Amino acid sequence: MQKLAENIWKINVDSNIYFLDLKEKIIIDTGPRDYRDIVKKELSKIIDLSKIEKVIFTHLHYDHTGNFDIFPNAKFYTSEDEISYYKKHKIFAIGDPILAAKFNIGLQPLNYLEGFDIIQTPGHTKGSFCLLYKKEKILFSGDTLFFNGYGRIDFPGSAPEKMKSSLDFLDKTDYKILAPGHDY
Ligand SMILES: [Zn+2]
């Protein structure tokens, strides 16, 4: 576990999970299901999982949504575009048929989050987005931007033609800390 700012923690298991202890208790992405026990154990050191109010998915791939069901009282959010693709192509949206069959939660569009800019960054998936936490200038970039590159754009649900403009926009975005979906 790594502390990114006073109230923000990162847990790295193949993909990254972020816990934000703000006015609301928020999780950004939940990691792959294979790491379920570790994710539960690590997060439980800092927060009672039943206190998480919002779980936000930067996109719906299985390695970001795998542990959706360890937060019994949370509401779940992702972008409008991600939800509409999911409604049409559930298995492609999740990228794993077994998880897709289990994934039984209601998703709400994230249209506003206090203290954050929501930046739509289609490319890796049609509905991928980033969150900029303005107070600390932390950019949660999902699988759009990594430390050493960017996310794959060859999935059925990708929007390869839009990746460049998404990355160009992030390039002009004023952030201090990159908080990507994977540490590569
Ligand atoms: Zn992904």
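A residue counts as buried here if 20 or more other C-beta atoms lie within 10 Å of its own. Keep that in mind as we walk through this structure, which is a predicted model.

Let's start with strand β10, because by that cut-off five of its five residues are buried. Both faces of the strand are covered. On one side sit Ile138, Phe140 and Gly142, and on the other Leu139 and Ser141. That split makes sense if you remember a simple rule: in a regular strand the side chains alternate between the two faces of the sheet.

Now zoom out to the sheet around β10. Four strands form an open sheet, and their order is β8-β9-β10-β13, with mixed pairing. The edges belong to β8 (116-120) and β13 (177-180); each has a single partner strand, so one side of each is left without a neighbour in the sheet. From one strand to the next, the twist averages 20°.

What does "mixed" look like up close? Strands of a sheet pair through backbone hydrogen bonds, either parallel or antiparallel. Take β9 (residues 129-133) and β10 (residues 138-142): they pair in the antiparallel sense over three bridges. In this pairing, Leu131 stands opposite Phe140, and Tyr133 stands opposite Ile138. With β13, on the other hand, β10 pairs in the parallel sense, over four bridges. Here Ile138 stands opposite Ile177.

Follow the chain from β9 to β10 and you'll go round a hairpin with four residues between the strands. Lys137 is in that turn, and the phi angle of Lys137 is near 50°, a positive value in a residue other than glycine. Why point that out? Because most residues other than glycine have a negative phi. Is Lys137 tucked away? Lys137 is partly exposed, since 13 other C-beta atoms lie within 10 Å.

There's another residue like this to look up: Asp14, in the loop between β2 (8-13) and β3 (15-21). Its phi is also positive, near 50°. Asp14 has 12 C-beta neighbours inside 10 Å, so Asp14 counts as exposed.

Back in β10, have a look at Ser141. How many C-beta neighbours does Ser141 have inside 10 Å? The count is 30, and so Ser141 is buried. Leaving aside neighbours within four places in sequence, Ser141 is in contact with Cys130, Leu170, Leu178, Ala179, Pro180 and Gly181. For a sense of distance, try finding Asn104: it is 37 residues away from Ser141 in sequence, and the two are 25 Å apart in space, C-alpha to C-alpha.

Finally, turn to the nonpolar core. In soluble globular proteins, nonpolar side chains tend to be buried together. The largest nonpolar core in this model has 38 residues. Which of them touch the most other members? They are Tyr18, Ile27, Ile28, Val55, Ile56 and Phe140. You've met Phe140 already, as the residue in β10 opposite Leu131. Ile28 ties several of these names together: leaving aside neighbours within four places in sequence, Ile28 is in contact with Tyr18, Leu20, Ile56, Thr58, Leu131 and Phe140.

Key. Residues are numbered from 1 along each chain as its sequence is written. This is a predicted model: local features need pLDDT of at least 70, side-chain atom pairs count only at pLDDT 80 or more; totals for chains, interfaces and linings use all residues. Two strands pair if DSSP finds at least two bridges between them. Helices (H or I, at least four residues) and strands (E, at least two) are DSSP runs, numbered from the N terminus. Axes are lines fitted to C-alpha atoms, for helices over the stretch in contact, and angles run from 0 to 180 degrees between N-to-C directions. Two residues are in contact if their C-beta atoms, placed from the backbone, lie within 7 Å. A nonpolar core is a set of buried Ala, Val, Leu, Ile, Met, Phe, Trp, Tyr and Cys residues joined through C-beta atoms within 7 Å.
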